[in-house]
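Here are my notes on the model you sent, set out as numbered points. They move from one residue to the chain as a whole and then to the pockets.

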Amino acid sequence: MKNSLVIMCLLLSLLVCGQTPAHPDISGYWELSFDSSSVPPASLVQPLTSATEREQMRHDAEWTRYCVPLGMPYILSQSPLDIRQSPAVTAMVSKVPSSTRYVFTDGRKHPEKEDLEPTSNGHSTGQWEGDTFVVDTIGFNDRGVARLPGGGIRTPDSRLTERYRLMENGNRLSVTLTWEDRKTFQKPHTYEYRYYRIPKITGARVLPCDTGDQERATFLMAPFGN
């Protein structure tokens, strides 16, 4: 009886005070390995021709050459990834040239279309559904690496939903990405990464990028005759 009363008091205190159990913390350094990707072929509205595929590859090579922020989802595939979680915002930093990605968890909504400034990372809001961190992103531009794993391309009309979930006592991190874009995909395109936790990132978090290095430019654009 006494134990039952204690439990009831605890439950009432949570309701009265508005307290909720703490969310899992996905902060840390995360790295992909050889067995970390599960990417099926995308169901595209229009199959890519060789000319279209070449143009997409050239697009990404050009932006890489000029060291612009390469954006989502490319930064997730180029580990290690540094994630820092706080009550109002979760930040993600990759080792490739890109802006810090911010996922707002303070209850804000996406800006209205006329007020939304598209970026290569898009505008992201997040919320917890049980032990899963669900991120919704819109507002992409056409800069950076736009090709998507499994096929297709990120466009200004794309919407990305991500689900982050800790595995194996917090030593692994599952990230499931689902792309929706009626002009690109016949159905939502979903794939998953599973990262390994690592104790630290060795070397610079963001590698140097020199747009004036002609040898580098020639190397990147050689497949396209530049």
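1. A residue counts as exposed when its relative accessible area is over 50%, and as buried when that area is under 20%. The model is a predicted one, and the values below should be read with that in mind.

2. With that cut-off in hand, Lys109 can be placed: its relative accessible area is 69%, and therefore Lys109 is exposed. Lys109 belongs to the loop that runs between strand S5 (101–104) and strand S6 (123–129).

3. Although exposed, Lys109 does have partners beyond its neighbours in sequence, since, with residues up to four places away left out, Lys109 touches His123 and Thr125. For the second of these partners the spacing is also available: Lys109 and Thr125 are separated by 16 residues in sequence, while their C-alpha atoms are 7.1 Å apart in space.

4. Turning to the whole chain, the protein has four helices and 10 strands, which follow one another along the sequence in the pattern α-β-β-α-α-β-β-β-β-β-β-β-β-α. Of the 226 residues in the protein chain, 38% are buried. Among contacts with a separation of 6 or more, 59% join residues that are 24 or more positions apart. The chain exposes about 13,200 Å², and carbon and sulfur atoms supply 54% of that area.

5. The largest pocket holds about 380 Å³ of space. Its lining consists of 21 residues, of which Asp60, Thr64, Leu70, Tyr74 and Leu220 are the closest to the centre of the pocket. Helix H2 (50–65) and helix H4 (214–221) each supply at least two residues of this lining, and H2 gives the most, with five residues. Sorted by class, the lining of the largest pocket has 16 nonpolar residues, one polar residue and four charged residues.

6. Which residues line the second largest pocket? They are Pro111, Lys113, Leu116, Pro118, Ile138, Gly139, Phe140, Pro156, Asp157, Ser158 and Arg159, and the space in this pocket is about 310 Å³. By class, the lining of the second largest pocket has six nonpolar, two polar and three charged residues.

7. If the pockets are taken further, please keep the two linings apart in any description: 16 nonpolar, one polar and four charged residues belong to the largest pocket, whereas six nonpolar, two polar and three charged residues belong to the second largest.

Technical notes:
Residues numbered from 1 in each chain as written. Predicted model: local features only at pLDDT ≥ 70, side-chain atom pairs only at ≥ 80, totals over all residues. Heavy atoms only, no water. 1 Å grid on protein atoms, 1.4 Å probe; cavity = no way out; pocket = protein on both sides within 12 Å on 5 of 7 lines; lining within 4 Å. Points joined across faces, edges and corners; volume = space filled by probe spheres on them. Nonpolar A, V, L, I, M, F, W, Y, C, P; charged D, E, K, R; others polar. Buried < 20%, exposed > 50% of the residue type's maximum accessible area, 1.4 Å probe, protein only. Contact = heavy atoms within 4.5 Å. Areas by Shrake-Rupley, 256 points an atom, 1.4 Å probe, with all protein chains shown as cover.
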